[in-house]
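Open the model in your viewer and keep the selection tool at hand. The stops below are meant to be followed in order.

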Amino acid sequence: MDVEILSRIQFAFTISFHYIYPPLSIGIGLMLVISEGMFLKTHNKKYEVLTRFWTKIFALTFGIGVATGIVMEFEFGTNWATYSRYVGDIFGSALAAEGIFAFALESSFLGILLFGWNKVSPKVHFISTLGVFLGSMFSAIWIVVANSWQQTPAGYHIVGEGMMAKAEITDFWEMVFNPSSVERILHVWVGAFLAGAFLYISVHAYYLVRDRHQEISKTGIKLGLIAATVFSIVQLFLGHLSADGVAKNQPAKLAAFEGHYHTEDPADLYLFGWVDQENKEVYGLKVPGGLSLLLYQTFDGKVTGLDKFAVEDQPSQINAIFQFYHLMVGIGMLLIGLSLLGSFLLWRKQLFNHKWLLWIFVFAVILPQLANQFGWFAAEMGRQPWVVYGLLRTSDALSKAVQADQVLFSLIMFSLIYSLLLVLFIYLLNKKIKHGPEDAHLIDHRPHQQGINNFFTKD
Amino acid sequence: METILGLDYPTLWFLVVGALFSGYGILDGFDLGAGAMHLFIKSDKNRRIALNAVGPVWDGNEVWLVIGGGTLFAGFPVFYATLFSAMYIPFMLFIFFIILRAISIEFRSKEQMKWWRNLWDFTYTLSSGMIAFLLGVVLGNILQGFPLDENYEAINPHLTMFLNPYAIIVGLTTLTLMMMHGAIYLSLKTEGKLFDHVVLMLEKCMIAFIIMYTIMSLYTLIFFPHLAERFKEYPVLFILPVLAVLSIANIPRLAKKQKYLSAFIFSSITFSLLLILVAVQLYPSLLIATNNPENTITIYNAAASQKSLGIMLTIAAIGTPLVLTYTFIVYRVFWGKVKLDEHSY
């Protein structure tokens, strides 16, 4: 295999693996802020028990997120040197801002969040938790800004030619608020909230069906379901906003999402289907005029198809993009349904009698993960053959100095270490869940001070 | 070209990157060094204390690597691209050991079995040591330079290009420096018998570092005289190696007097001085093209645009005090000797 394929496989593999963890950190971080905030407000011990328990799971996802995140930063230079030279002026400043404004905040206060229970007052601890959560939110901002710039470049001009051509920044805020940044950040945030909320629900549903930690888990499920319901519905609107943006800014990508080969007025919407790439046809269940309705709120309106783009400017994997996109949307709908059903039964005080539904919630943890991954696949594959939309092709972005045997070596190495990492994650997660939250009486007294004079210890 | 205090933007950014890597060396340096000597600490309880001495801070320390890498990418994208693609294998190994180290720290305390803990103690030591070594290997390659074409791409770098005598010597120097630094840190965090053992290890590390530093300096002077030319040009710069030697010599003196906090400050100063020496030797080059001086990467042909550097200087000016404040708070909270509790590894 050649360097391009190997490097693309490596990048896809390492970023998909990475993208399991930061959304969980953001999502669980939100739940931590909620439960610890509730504790400070009500002084009810059960919220502290919840917070302490989830802190341990948070630590796990955060640790793996950091380790796998460093990989991404390095790969820009190692595998995509031409890309790095091309976008360094722009991508670099977003990455540097992420490090300084976000990553430093979250990683520094993580130490206090994990190890500081007996060292600082509850208020300072809560501020640390909030710092870690906000840091992870800021991280998402800068990373999605960098990626969105690749989707919809803005605030730049091109200097140089050929190998030496590169994009230079002309307006920082125009770069940050490029046409797709805001809607994509919101979409990614809420996807992360859902990943966290459904893990939260899953673990507590598991305890309930197993008759363990009943009190805590009923509270946990309540918090989780409220979050899941609010955010799954919000996500419906944000998803729509994102798709609108794609239609406006990246019509070729939208056409790939929808398997839309021919420019039509009105345009049909496939609920599900199969794309025959050879004959440029889609077979499946469609709503006549549905796509026009979604985009223009009326049953007619022209939607650009792939036929308006030169073959070399079209993404090549239309069927895969179509399926990933439709699966993401489908799972999103499923999440709304599950959350509403759960909330309804909770309101009727019947949820805990329906073991079958609790079991579904135990396994539903996989759904937001899949939706996040599929959405990301669709977004990134839909941008092809461009790495920077309309400016730099993926095939031109490679490191010229790297040979196939080197990438093969690293790919094998990543397969090994990531397998170990995944086994570790599942093993530790399982162990922490099996161990469960500590009994409230064990954490009844925070042993303040411990003989260290510490000005953060005061209440 | 725009300037602040008479320094142009690329030079300023060169200083920012240098300061960040210096911060990274000082902070992650001690936890890597402490990790590299972990296996030489006996008994499970003592190893736990050593591990928990770095437990709350190692993750925050690694942030400096991420920020350092980000600023290098942002400020000098051409250099970043060339260096990382030419040094593909050492950087990939570096990542491998970074991940393995995180796994070791997380995994070790999760089971009681002796073989289990020994296994993760071994990988923790190996990975910490290899990270410290590989950082030096890359630095050694930067100092030597390598052949570059007119697009600033490395010419045909093969799998093992990075392994050459000088790179290995620099690698062993950074490893022993970090181990010495780590031993001083552990002496601040331990008590009793473990403390006595740490002090013995510290002595060995100091000797090893001084030997490696001497070999490295001689090797540089004999084989890479171009690195010393700047000092001939501006003799006043000779103050820097003199200060470095004084700072290094001060460490055993303070250790003997049991002033470990001062010793730690001086090993931190040593880190900075050695990096300043590197910076002075290179500036304004970043990567010397050994085949053709015209292809050398300098801070000027590698730099991001004036506009971008200006923006990032603003970001750094706002962000740096914040980062320093966080770092200060965290170290303040975990100040003092390690006490194991239920949150410990």
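The tour covers cavities, helix contacts and a few backbone features of a predicted model.

**Stop 1: the cavities**

Rolling a probe the size of a water molecule over the atoms shows where empty space is left. A search of the whole structure at 30 Å³ or more returns 2 cavities. Go to the largest cavity, which holds about 100 Å³ of space. To centre the view, select S108(A), G60(B), N61(B), T327(B) and Y331(B); of the 14 lining residues, these lie nearest the centre of the cavity.

Which helices each supply at least two residues of this lining? Show helix 4 (81–115) of chain A, then helix 3 (58–75) and helix 13 (306–333) of chain B; each of them does. Colour the lining by class, and it divides into 9 nonpolar and 5 polar residues, with no charged ones.

**Stop 2: helix 3 and helix 5 of chain B**

Keep helix 3 of chain B from the cavity lining and add helix 5 of chain B, residues 88–108. Two packed helices are described by the angle between their axes and the distance between the axes. Here the axes come within 13 Å and cross at roughly 165°. The two helices of chain B, helix 3 and helix 5, are therefore roughly antiparallel to each other. The crossing of helix 3 of chain B past helix 5 of chain B is left-handed.

Now display side chains. On helix 3 of chain B, select W58(B), E62(B) and L65(B); they meet F94(B), I98(B), R101(B), A102(B) and I105(B) of helix 5 of chain B. By class, this contact has 6 nonpolar and 2 charged residues, and no polar ones.

**Stop 3: across the chains**

Select helix 3 of chain A, residues 45–79, and helix 4 of chain B, residues 77–86. Their axes come within 6 Å and cross at roughly 90°. That angle makes helix 3 of chain A roughly perpendicular to helix 4 of chain B. The residues to pick on helix 3 of chain A are E73(A), F74(A), G77(A) and T78(A), which meet Y80(B), A81(B), F84(B) and S85(B) on helix 4 of chain B. This contact divides into 4 nonpolar, 3 polar and 1 charged residue.

**Stop 4: helix 4 and helix 5 of chain A**

Return to helix 4 of chain A, which also contributes to the cavity lining, and add helix 5 of chain A, residues 122–151. The axes of helix 4 and helix 5 of chain A come within 6 Å and cross at roughly 170°. At that angle, helix 4 of chain A is roughly antiparallel to helix 5 of chain A. The contact between them has 22 nonpolar, 9 polar and 2 charged residues.

**Stop 5: backbone features in chain A**

Hide the side chains and move to the loops. Where is P266(A)? It lies in the loop between helix 9 (251–257) and strand 3 (269–276) of chain A. The peptide bond from D265(A) to P266(A) is cis, with omega near 0°.

Continue to K280(A), in the loop between strand 3 and strand 4 (281–287) of chain A. K280(A) is not a glycine, but its phi is positive, near 55°.

Finish at P385(A), in the loop between helix 13 (366–383) and strand 5 (386–388) of chain A. Q384(A) and P385(A) are joined by a cis peptide bond with omega of about 5°.

Conventions:
Residues numbered from 1 in each chain as written. Chains lettered and ligands numbered in written order. Predicted model: local features only at pLDDT ≥ 70, side-chain atom pairs only at ≥ 80, totals over all residues. Heavy atoms only, no water. 1 Å grid on protein atoms, 1.4 Å probe; cavity = no way out; pocket = protein on both sides within 12 Å on 5 of 7 lines; lining within 4 Å. Points joined across faces, edges and corners; volume = space filled by probe spheres on them. Helix = DSSP H or I, 4+ residues; strand = E, 2+ residues; numbered from the N terminus. Nonpolar A, V, L, I, M, F, W, Y, C, P; charged D, E, K, R; others polar. Axes fitted to C-alpha atoms, helices over the stretch in contact; angles between N-to-C directions. Parallel < 35°, antiparallel > 145°, perpendicular 65-115°, else oblique. Left-handed = near helix turned anticlockwise from the far one by under 90°. Contact = heavy atoms within 4.5 Å.
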